[in-house]
Amino acid sequence: MAYVVGPACVADYSCVEVCPVDCIRPRPDDPDFDTAEQLYIDPVTCIDCEACVTACPVEAIHAAAQLPVAFASYADINADYFRGPR
Ligand code: SF4
Ligand code: SF4
């Protein structure tokens, strides 16, 4: 189980600063930083520490197993971000 960023994300980067394995993208030096609609968590690298959940000011991060039904597609949306060329 990994964590998933949902549509409430306002891209304030609080989660990026606390993630111990640096698995949340894009970062300011990534090419799509200016155009990304939200941030995404790499499910392969995430170690399920929950640090990002506490840091997020808008409760946009959910455990994959506890995603609200309306956000079910966001598990794939997060994972897909890391499948393409970066
Ligand atoms: S749960 Fe931990 S490892 Fe996973 S994205 Fe959040 S801060 Fe990073
Ligand atoms: S802390 Fe929450 S709102 Fe801020 S970038 Fe991360 S997921 Fe988005």
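Let me start with Tyr13, which counts as buried at 16% relative accessibility. Before going on: this is a predicted model. Tyr13 belongs to the loop between β1 and α1, the latter covering residues 14-18. Its backbone deserves a remark, because most residues other than glycine have a negative phi. Tyr13 is not a glycine, and yet its phi is positive, about 70°.

Tyr13 also leads us to a ligand. Around ligand 2 there are 13 residues, and the closest of them are Cys9, Asp12, Tyr13, Cys15 and Cys56. Where does ligand 2 sit? The space it takes is the largest cavity. Sorted by class, its shell has 11 nonpolar residues, one polar and one charged. Of the closest residues, take Cys9: its relative accessible area is 16%, so it is buried, the limit being under 20%.

Now the other ligand. Ligand 1 occupies the second largest cavity. How many residues surround ligand 1? The count is 14, with Cys19, Cys46, Cys49, Glu50 and Cys52 the closest. The class breakdown here is 12 nonpolar residues, two charged and no polar ones. Cys19, from that closest group, has a relative accessibility of 16% and therefore counts as buried.

With several cysteines named, a reader may wonder about cross-links. How many disulfides does a search of the whole structure find? It finds zero.

Let me move to another part of the chain, starting with Val5. Val5 is in strand β1, which spans residues 3-5. Is Val5 buried or exposed? With a relative accessible area of 2%, Val5 is buried. Leaving aside neighbours within four places in sequence, the contacts of Val5 are Gln38, Leu39, Tyr40, Ile41, Ala60, Ile61, Tyr74 and Asn78. As for distances, Val5 and Pro28 are 23 residues apart in sequence, and their C-alpha atoms lie 17 Å apart in space.

The last name on that contact list, Asn78, can be looked at from its own side. Asn78 is placed in helix α3, residues 74-81. Its relative accessible area is 1%, so Asn78 is buried as well. Which residues does Asn78 touch, once neighbours within four places in sequence are left aside? They are Val4, Val5, Gln38, Leu39, Tyr40 and Ile41. So the contact between Val5 in its strand and Asn78 appears in the lists for both residues, as one would expect.

Two more backbone features remain. The first concerns a peptide bond, and the background is that most peptide bonds are trans. The bond joining Arg25 and Pro26 is cis, with omega at about -5°. Pro26 lies in the loop that runs between β2, residues 24-25, and β3, residues 40-41.

The second is Glu59, another residue that is not a glycine but has a positive phi, here about 55°. Where is Glu59? It is in the loop between α2, residues 51-55, and β4, residues 61-63. Is Glu59 buried or exposed? Its relative accessible area is 67%, so Glu59 is exposed, the limit for that being over 50%. Tyr13, where I began, also has a positive phi, but Tyr13 is buried.

To recap the ligands: ligand 2 takes the largest cavity, and ligand 1 sits in the second largest. That is the end of my tour.

Definitions and conventions:
Residues are numbered from 1 along each chain as its sequence is written. Chains are lettered from A and ligands numbered from 1 in the order in which they are written. This is a predicted model: local features need pLDDT of at least 70, side-chain atom pairs count only at pLDDT 80 or more; totals for chains, interfaces and linings use all residues. Side-chain values use heavy atoms; hydrogens and water are left out. A disulfide is a pair of cysteine sulfur atoms within 2.5 Å. Buried means under 20% relative accessible area, exposed over 50%, partly exposed in between (1.4 Å probe, protein chains only). A residue is near a molecule or strand if one of its heavy atoms lies within 4 Å of it. On a 1 Å grid over the protein atoms alone, a cavity is a set of points where a 1.4 Å probe fits but cannot get out, and a pocket is an open set with protein on both sides within 12 Å along at least five of seven lines; lining residues have an atom within 4 Å of a point. A molecule sits in a cavity or pocket if more than half of its atoms lie within 2 Å of its grid points. Ala, Val, Leu, Ile, Met, Phe, Trp, Tyr, Cys and Pro count as nonpolar, Asp, Glu, Lys and Arg as charged, and the others, Gly among them, as polar. Helices (H or I, at least four residues) and strands (E, at least two) are DSSP runs, numbered from the N terminus. Contact means heavy atoms within 4.5 Å.
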